[in-house]
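These are my notebook entries on a structure that was new to me. I went through the cysteines, the sheets and some helix pairs in turn.

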Amino acid sequence: MAAERGRDLLFYRRLPKAELHAHLNGCISSATMKKLMAQKPNLQIQNGMTVIDKGKKRTLEECFQMFQIIYQVTTRTEDILLITKDVIKEFADDGVKYLELRSTPREEKSTGMTKRMYVETVLEGIKQCQEEGLDIDVRLLIAINRRDGPAVAKQTVKLAEEFLLSSDGVVVGLDFSGDPTIPNQEEETKILLGLPPDRIGHGTFLSSTAAGSEELVSIVRQNRIPIELCVTSNIKSQTVPSCGKHHFGYWYSMGHPAVLCTDDKGIFATELSQEYEVVAKTFNLTRSQMWDLSYESINYIFASNAVKSKLREQWCKLKPALFD
C-alpha cells in the first residue's frame, strides 16, 4: 500500500502542472519561515503559528489571522525577495511548469517599504528565478483585499494598470480576495458574476443549497467560467466538510472548466502534486483523467495564446515518459 502511494505521489510530482491560485504570503514554507524568524528573534513566533498540520483544522477567521503573523516577518523588501524566490523554487521542485502568484501590495511604515516597492520586489524575484534558469514560467496577479475598502481598491487597480503595461507581460491580471464573510455576500457575488470574471476562486458557495445559489450556478455554467478548486484549503478551513463532499465532484461530473490549486501551500501544508493525488483517490480518477485535468488547465491561464501554445508543447513532450 505504501509502495503504491509512493508511486502515485511520484507520478503526480512528475506530472507537469499549472498553479493558478497561490497567495504569495500564504505559500511560505516552514523552511523559509525558519529563515525569516531567525532574522527576527525578538518576535517570538513559532512555526506552528503559521501552518495547519495534517489532520488539523482551523476556522476561516483563524486562517486569516495567520496572515497577520506572517506579515510581521515580511516587512522588508529583502524579506519579500526571499519569499518570492523560495516559493517559486518549491513550486518548480513539485513539477509546476506555470505559476500565477497573487499578492496584495503592502506598505510598511516601519521599514519604508511602499506598495510600489513591494510589487517591484516580487517582480525582481520572478526575474531572478528566470535568470537562474528555473524550469517554470511565473506570472503575477495584483490582489485587492475586500476588507480594505473602495478607496484602497481604486489605488490598487491604478497600480495594477501601470504594471500591466510596464512588466513585459509578467503582471497578467487582478485578483479580488480577502475574507468572504462580509455583509451582503450574495449581492457582492451577483455584482461580480455580472462582469463576468475570467475565473472564480474556490466557489464553495456555488453548489451549495443556499438560497439564490441556483441562479448563481446558472450564470457560472452559461459563461463557462473556470473554477479554481483548492481541496485541502477548503477542508482545513472548514468551508467544506470532507474530501468526498468537495464540490470538485459536482463541477467535474458536468464537464465544467476546473483547475486544481493549493491556495496557500505553506499555511495548509500541501503541494499541488498532493492536491492531484487526493482528488484522484477521492473521486476514483485514472492517471489519464488527471493528465487531462492538468493539460486542460492551460486553457484557463491569463498569459497570452503564444504562452499557452508553448506550454501545450511542453506537456506533450513530457507525456510519453510519464505513461511508459
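**Entry 1, cysteines.** I began with disulfides, keeping in mind that the model is predicted. Taking a disulfide as a pair of cysteine sulfur atoms within 2.5 Å, I arrived at a count of zero disulfides. For Cys27, which is in no disulfide, I looked up the nearest cysteine sulfur and found that of Cys230, 9.9 Å away. I then asked whether Cys27 is buried or exposed. Its relative accessible area is 0%, so Cys27 is buried. Cys129 is likewise listed as being in no disulfide, and the nearest cysteine sulfur to it, that of Cys27, lies 14 Å away. With a relative accessibility of 2%, Cys129 counts as buried.

**Entry 2, the four-stranded sheet.** I next traced an open sheet of four strands, whose order is β1-β2-β3-β4 and whose pairing is parallel. Which strands stand at its edges? I noted β1 (17–23) and β4 (171–177), each of which pairs on one side only. From one strand to the next, the twist averages 25 degrees. Looking at one pair in detail, I found that β3, which covers residues 137–145, joins β4 in the parallel sense over six bridges. I also marked Asn145, which stands opposite Ser177 in β4. A helix packs on this sheet as well: α13, residues 305–322, touches β1, β2 (96–103) and β3, and the direction of α13 makes about 135 degrees with that of β2.

**Entry 3, the three-stranded sheet.** I found another open sheet, made of three strands in the order β5-β6-β7, and here too the pairing is parallel. Its edge strands are β5 (200–201) and β7 (258–260), each pairing on one side only. How many bridges join β5 to β6? I recorded two bridges, with β5 and β6 (residues 227–229) running parallel. Within this part of the sheet, Gly201 stands opposite Glu228 in β6.

**Entry 4, helices α5 and α6.** I turned to how α5, residues 115–131, packs with α6, and noted an angle of about 40 degrees with the axes 11 Å apart. That angle makes α5 oblique to α6, since angles under 35 degrees would be needed to count as roughly parallel. The crossing in which α5 passes α6 is right-handed. On the α5 side I listed Lys115, Arg116, Val119, Glu120 and Leu123, which meet Val152, Gln155, Leu159, Glu162 and Phe163 in α6.

**Entry 5, a residue within α6.** I picked out Thr156, which is found in helix α6 (residues 149–166). Is Thr156 buried or exposed? Thr156 has 6% relative accessibility and therefore counts as buried. Setting aside its neighbours within four places in sequence, I found Thr156 in contact with Pro105, Ile142, Ala143 and Ile144. Ile142, Ala143 and Ile144 are among these contacts, and I noted that strand β3 spans residues 137–145.

**Entry 6, helices α7 and α8.** My last look was at helix α7 (residues 185–193) and helix α8 (residues 213–223), which pack at an angle of about 20 degrees with their axes 11 Å apart. The two helices are therefore roughly parallel to each other. I noted that α7 passes α8 in a left-handed crossing. Their contact is made by Thr189, Lys190 and Leu193 of α7 together with Glu215, Leu216, Ile219 and Val220 of α8.

Methods:
Residues numbered from 1 in each chain as written. Predicted model: local features only at pLDDT ≥ 70, side-chain atom pairs only at ≥ 80, totals over all residues. Heavy atoms only, no water. Buried < 20%, exposed > 50% of the residue type's maximum accessible area, 1.4 Å probe, protein only. Contact = heavy atoms within 4.5 Å. Pairing = 2+ DSSP bridges. Axes fitted to C-alpha atoms, helices over the stretch in contact; angles between N-to-C directions. Parallel < 35°, antiparallel > 145°, perpendicular 65-115°, else oblique. Left-handed = near helix turned anticlockwise from the far one by under 90°.
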